[in-house]
Amino acid sequence: MTRPSETQIHIAPSLLSADFMHLEDDVKRCVAAESTVLHCDVMDGHFVPNLTFGPPVISQLRRITKLELDVHLMIETPERSIDQYASAGADAITVHAEVSPHLHRTLARIKELGCKAGVALNPSTPIASIEHVLSLCDIVLIMSVNPGFGGQKFIPIALEKLASLRVLQQSGRGDFMLSVDGGVDVTTAPLVVEAGAERLVAGSALFGSDFAGNMQRLRQAAGC
């Protein structure tokens, strides 16, 4: 599939890989590298086997940065807490189709709260499960790893999903951004871009001793 020349590709640093003891410093590194969005992975220890942070941390992030806060809820019953994340300062809220039995209602509520609405799919979840709500989506997030931990190996099935969603996007089924999360590095970045990804969430490939250099190399690999 040929990419339209006007398509903009963005790298979204995932704070899951940041140093939580020096989170503000890492946010400043993102700003210095001219990032436009921060990906905030919220985990509950139930839907995924890890535990991260909640609305209070989102609220603190909102106080220290004007960057878009893309809040990815990897939690059970997300509909119970989306109001809290919106109030905390989230610009976008993404929920998982796997734990959202009333997905249409949940996405509609996110938009009512003034946030971009996103839906995420795990590697084993088919695209068919979200086709009926694509018109409500501002973001479709394809997981290219099984969620819960950073630094995992990229699962190639994500490329097929991205390509299929790109077709639906171009056929007018929805006005959504295609995002991919998991195992994104200088090797996989050009593959996901070619398949249709517009936003690349990256964590372990960025954070470390040379954030600026890592970001430059990843942007070059992604062609942005």
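**Strand pairing, helix packing and charged contacts**

Strands β7 (residues 177–181) and β8 (residues 199–202) run parallel to each other, paired over three bridges. Within this pairing, D181 sits opposite V201 of β8. The model is a predicted one, and the confidence scores look like this: the mean pLDDT of the chain is 94, with 97% of the residues scoring at least 70. The start of the chain is another matter: residues 1–5 stay under 50 in pLDDT, and the model gives that stretch 14 contacts beyond four places in sequence.

Zooming out from the β7 and β8 pair, the sheet is an open one of eight strands. Reading across, the order is β1-β8-β7-β6-β5-β4-β3-β2, and the pairing is parallel. The two edges are taken by β1 (10–13) and β2 (37–43); each has a single partner strand, so one side of each has no neighbour in the sheet. From one strand to the next, the twist averages 25°. As for what holds such an arrangement together, strands of a sheet pair through backbone hydrogen bonds, in either a parallel or an antiparallel sense.

Helices pack on this sheet too. Helix α4 touches β4 (92–96) and β5, and its direction makes about 145° with that of β5. Over at β1 and β8 lies helix α7 (residues 211–222), which crosses both strands and runs at about 145° to β1.

On to the charges: the count of salt bridges comes to 11. One of them brings helix α4 back into the picture, since K111 forms a salt bridge with D138, with 3.0 Å between the closest N and O atoms. K111 belongs to helix α4 (residues 103–112), whereas D138 is in the loop between β5 (116–121) and β6 (139–143), so the bridge ties together parts that lie 27 residues apart in sequence. Both ends are partly exposed, K111 at 33% relative accessibility and D138 at 24%.

A more local case is the salt bridge between R29 and D26, at 2.5 Å from N to O. These two residues are three apart in helix α1 (residues 23–32), so about one helical turn separates them. Their surroundings do not match: D26 is buried at 7% relative accessibility, while R29 is partly exposed with a relative accessible area of 39%.

D210 and R217 also meet through their side chains, in a salt bridge with an N to O distance of 3.2 Å. Here D210 is partly exposed at 34% relative accessibility, and R217 is partly exposed as well, at 41%. Beyond single pairs, there is a network of salt bridges that links E68, D70, K116 and R199.

Disulfides are quick to report: the structure holds zero of them. For C137, the nearest cysteine sulfur belongs to C115 and is 14 Å away, so with a cut-off of 2.5 Å between sulfur atoms C137 is left out of any disulfide. C137 counts as buried, with 3% relative accessibility. For C224, the nearest cysteine sulfur is that of C30, 14 Å away, and C224 is likewise in no disulfide. C224, with a relative accessible area of 40%, is partly exposed.

Technical notes
Residues are numbered from 1 along each chain as its sequence is written. This is a predicted model: local features need pLDDT of at least 70, side-chain atom pairs count only at pLDDT 80 or more; totals for chains, interfaces and linings use all residues. Side-chain values use heavy atoms; hydrogens and water are left out. Buried means under 20% relative accessible area, exposed over 50%, partly exposed in between (1.4 Å probe, protein chains only). A salt bridge is a side-chain nitrogen of Lys or Arg within 4 Å of a carboxyl oxygen of Asp or Glu. Helices (H or I, at least four residues) and strands (E, at least two) are DSSP runs, numbered from the N terminus. pLDDT is the predictor's confidence in each residue, from 0 to 100. Contact means heavy atoms within 4.5 Å. Two strands pair if DSSP finds at least two bridges between them. Axes are lines fitted to C-alpha atoms, for helices over the stretch in contact, and angles run from 0 to 180 degrees between N-to-C directions.
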